[in-house]
Amino acid sequence: MARAVSTRRKTSFTVAAWAVSFLIFFPILWTFLTGFKTEGEAIASPPSFLFFDWNLSAYEAVNQRSDYPKHFFNSVIISFGSTALGLLIAIPAAWAMAFVPAKHTKDILMWMLSTKMLPPVGVLIPIFLIFRDTGLLDTRTGLVIVLTLINLPIIIWMLFTYFREIPGEVLEAARMDGASLRNEILYVLTPMAVPGIASTLLLNVILAWNEAFWTLNLTAADAAPLTAFIAAFSSPEGLFYAKLSAASTMAIAPIVILGWFSQKQLVRGMTFGAVK
Amino acid sequence: MGHISLNQVSKSFGDVNVIPPLNLEINDGEFVVFVGPSGCGKSTLLRLIAGLEDVSDGKILIDGTDATITPPAKRGLSMVFQSYALYPHMSVRKNIAFPLKMAGVEKEEATRRVEAAAKVLNLTEYLNRRPGQLSGGQRQRVAIGRAIVREPKAFLFDEPLSNLDAALRVNMRIEITELHRDLTTTMIYVTHDQVEAMTMADKIVVLNEGRIEQVGSPLKLYREPANLFVAGFIGSPRMNFITGAAAEKQGAHTLGIRPEHLTVSNSAGEWTGKVGVAEHLGSDTFLRIHLDDGSTITARGDGDFEAEHGTTVWLSPDAEKFHRFDASGMRLN
């Protein structure tokens, strides 16, 4: 009997999990499908789900109207650049906080996290003015800097959590075994921290890739990434759902593919080291 | 060589003074055990010797050289940690070879030494496994292997057996003792288990609240404990302490008598009481007895002694084995 109950429970959990996953995935699926419709079919009521005239007209229109490769290139530079710069700052910071905590380390961590609670629009004007005066508006450099700063608290928190999981005794053992600080970092700490650093990197690339507020407000043409590319199709000239969907699909495709291949690392990243 | 000397060494964490200034000599080749209850500072003292903690004051000399501020890597000591602290991403072979790699030992020589250590510790067939694939006892052996390949001046053990089950603990205890006999290298061993201390040590250092209560051979500590703390800590079951008239009659404030120095009888004796709990171990019977004067005492009878809760028994102490202590808890001779 016990077995029958557990099988039934298992089945209902599986069904529920699939239902929830489908619900979450549905908007993405709908966007993907709409991209292959004509503008007329895109707004038809009742909407057709799969049985419509599949065509690439929306994609062709999008490609004619904008320069996808340029936006893609900008997105890559901005997301990977800001993540790399962020890691460069965050690794030593998280390191120090995890292994040589000072009296106020916890307070500093909380303070850093609190900056994420500030609505970004609250600092838009000062940042915009600073960018204008320093010539950083509509530059990739400017966006790399601002996204690094925006995501730095998350990067430090994630790395701090990972580093904290590394037992201090292992590092002490390395010291007892005659390892210099350089060798301790090179042969013991880094290999043990690589999974944590990799998942932090992935998660932050995704966060930076999808960041829309700053990328839209601080760029015009030259440095505009894919978020601006999508936004261009939700313009006041009318609602063109098919083109908008085609553009969205093109913008998210690279990151979905990246995410698909790094699922394992990502899940670990998102659970923040809580599950051992 | 492995002569370690602590001169007025003290340690404070912030305002908390965990180790008041102390002096200690550890001779070359000695097996020294630091023993004491949790929080007595024994691990801190070991970490000070290792260099993993900085001393607040005083000097540490290793083979006559001042090593007070020498980093752990340069002290020439090996350490075995309670958690084993193996490198999880390295094979057993690489774990054991790591200290040799750090010391720049030639590859062929390193391989030879790793294989020799593996043979001694029965690890040869596990050399290519990772620590995660080993049992607790095997991991402990790897940790010891990593410590011995380097041929250090002294080994430091920080409660190395406390994560093992009872049977394995006894085996490893014997193995470590044999290892010491073969290597004749100085060993400093930290434990809270007085049985480990008694069975392994040449010299026991009993610590309490960061202070050294007594230093001596196991039997010296058992026979002549310097104070009430040592008397109560060394020996199992612990020594009985009697105060009041019976103690005064012997000219002491507190009288100590070990459970094994009381003769238990069903018919006659000096003191009488009722059995509270009788523990039949087969070889011995431990009795917790409520004496008629209200005090409680533990006695050891032989394995065949018949007693249960409520049985009336008589006790005769061996007067020659009394330990007498004054009001401040110090031994009276």
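**Exercise 1. Find which residues of α2(B) are buried, and work out how enclosed this helix is.**

*Solution.* Start with the list: B:V92, B:R93, B:N95, B:I96, B:A97, B:F98, B:P99 and B:L100 of α2(B) are buried. Here a residue is buried if 20 or more other C-beta atoms lie within 10 Å of its own, exposed if 12 or fewer, and partly exposed in between, with C-beta atoms placed from the backbone. Helices (H or I, at least four residues) and strands (E, at least two) are DSSP runs, numbered from the N terminus.

Before going on, a word on the model: it is predicted, local features need pLDDT of at least 70, side-chain atom pairs count only at pLDDT 80 or more, and totals for chains, interfaces and linings use all residues. Residues are numbered from 1 along each chain as its sequence is written, while chains are lettered from A and ligands numbered from 1 in the order in which they are written.

Next, take the count: eight of the 11 residues of α2(B) are buried, so the helix is largely enclosed by the rest of the structure. Then look for the cover, which includes α3 (107-120) and α4 (136-148) of chain B. Finally, step just past α2(B), where B:G104 takes a positive phi of about 75°.

**Exercise 2. Describe the side of chain B that touches chain A.**

*Solution.* First count: 18 residues of chain B are in contact with 15 residues of chain A, contact meaning that the C-beta atoms of two residues, placed from the backbone, lie within 7 Å. Then locate the contributors: β6 (77-80) and α2 (92-102) of chain B each supply at least two residues of this side. Sorted by class, the side has 14 nonpolar, three polar and one charged residues. Ala, Val, Leu, Ile, Met, Phe, Trp, Tyr, Cys and Pro count as nonpolar, Asp, Glu, Lys and Arg as charged, and the others, Gly among them, as polar.

**Exercise 3. Place β6(B) beside its parallel partner β7(B).**

*Solution.* Begin with the side chains: B:L77 and B:M79 point one way from β6(B), B:S78 and B:V80 the other way, and all are buried. This fits a general pattern: in a regular strand the side chains alternate between the two faces of the sheet. Now add the partner: four bridges join β6(B) to β7 (residues 154-158) of chain B, and the two run parallel. Strands pair if DSSP finds at least two bridges between them. For a register point, use B:S78, which stands opposite B:F155 in β7(B).

**Exercise 4. Which strands stand at the edges of the open sheet of chain B?**

*Solution.* Write down the order of the four strands, β11-β12-β18-β19 (chain B), with antiparallel pairing. The edges are β11 (240-243) and β19 (331-332) of chain B, each with a single partner strand, so one side of each is left without a neighbour in the sheet. Two bridges join β18 (residues 323-325) of chain B to β19(B), and B:F325 stands opposite B:R331.

**Exercise 5. Compare the backbone settings of B:E151 and B:T184.**

*Solution.* Take B:E151: its phi is near 50°, a positive value in a residue other than glycine. B:E151 is found in the loop between α4 and β7 of chain B and, with 14 C-beta neighbours inside 10 Å, counts as partly exposed. Turn to B:T184, which has a positive phi of about 50° although it is not a glycine. B:T184 lies in the loop between α5 (166-183) and β8 (186-191) of chain B and is exposed, with 12 other C-beta atoms within 10 Å.
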